[in-house]
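Biologist: Could you walk me through the packing in this structure? I'd love to go residue by residue.

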Amino acid sequence: MIGRLFFAALLALALPAGADTDLKRLTLRQDLLGWEAVGRLDKEGRGFCTGALIAPDLVLTAAHCLIDSRSGQRSDPTKITFRAGLRDGVAVAQSTGARAVAHPDYNPFDRNGLRQLLSDVALLQLSAPIPAGHASPFATSARTGQGRDVTVVSFARGRLSAPSWQRACRTTFKAQGALRFSCDTNFGSSGAPIFELSAGRPRIVSIVSRGSRQDGKTEVFGMEIEAPLAGLRRALRSGSGVWDGAARAPRVVLPGSIDGDRPDIGARFVRP
């Protein structure tokens with residue numbers, strides 16, 4: 001109930017006035033300069049998400065990209081391929097996954113929408129690092145706030161062959177670690193990095209978790225990234241909650257629930 005009320009309050013707030021820019025398809029090699037570390041995560045015939053390198057061998061993405069929303073089964077990381085800077089079938093570099101870790105609080109069946117949003121973060125460790133000379137990893141930042149301009153690069157349905165860049169959109173709400181943006185994203189944009197530019201080179205402040213589309217307008221939700229990401233880095237070093245292709249962890253089940261007793265969480269991007 002708390003999560004539902006929280007999101008209802010967010011959706012009820014009017015967007016502040018501002019001028020978001022249109023999407024730009026990064027078609028040419030020179031268009032892609034500086035954005036090579038954003039890539040498409042292909043899940044062996046089971047769709048795709050967007051991710052971004054934060055180290056030569058670490059891809060930041062959404063937890064729901066690695067944990068099935070219907071079964072709760074964790075994906076085999078060795079069957080996921082990260083294609084950095086993919087443009088029309090050609091990637092700057094690519095590598096398959098080796099290990100993965102999701103936020104320990106993430107559960108696809110969680111009825112608390114706020115908790116699910118704040119924990120929708122995961123890391124995919126690659127089997128072979130991607131040299132920084134091909135795709136330089138991004139740093140993160142805590143510089144978030146209502147009204148602050150951000151920028152986003154993502155893949156999505158209808159534009160899956162090359163990334164699209166929205167140079168300017170806005171942080172329209174911030175509360176309890178959750179963020180709402182006006183950025184233009186769609187199915188497949190899950191896990192896409194949202195950047196701030198105050199330091200010169202883009203720094204990741206959030207990732208796309210969920211959103212809605214209505215009358216050509218979008219509302220996108222993410223989380224302040226630094227605290228959950230720090231926890232995931234520690235977990236990866238210690239091995240806590242980490243799974244690989246040889247021994248995947250069992251499916252995630254909400255404590256006290258039984259099969260069939262789960263909310264209809266629907267798609268991550270919906271049309272109200």
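**Packing around the cores**

Modeller: Happy to! Leu 123 touches Ile 54, Val 59, Leu 60, Leu 66, Arg 99, Ala 100, Val 101, Leu 229, Leu 232, Arg 233 and Leu 236, leaving out residues up to four places away in sequence; contact means heavy atoms within 4.5 Å. This is a predicted model, where local features need pLDDT of at least 70 and side-chain atom pairs count only at pLDDT 80 or more, while totals for chains, interfaces and linings use all residues. Residues are numbered from 1 along each chain as its sequence is written, and side-chain values use heavy atoms, with hydrogens and water left out.

Biologist: Which element gives the most to the largest nonpolar core?

Modeller: A nonpolar core is a set of buried Ala, Val, Leu, Ile, Met, Phe, Trp, Tyr and Cys residues joined through side-chain atoms within 4.5 Å. The largest one has 47 residues, and Leu 123 is among those with the most contacts inside it. Elements giving two or more residues include β7 (122-126) and α4 (226-238); strands (E, at least two residues) and helices (H or I, at least four) are DSSP runs, numbered from the N terminus. With five residues, the top contributor is β3.

Biologist: Is Gln 166 buried or exposed?

Modeller: Gln 166 sits in strand β10 (residues 159-175). Its contacts beyond four places in sequence include Asp 20, Val 152 and Cys 183. Buried means under 20% relative accessible area, exposed over 50%, partly exposed in between (1.4 Å probe, protein chains only). Gln 166 has a relative accessible area of 2%, so it is buried.
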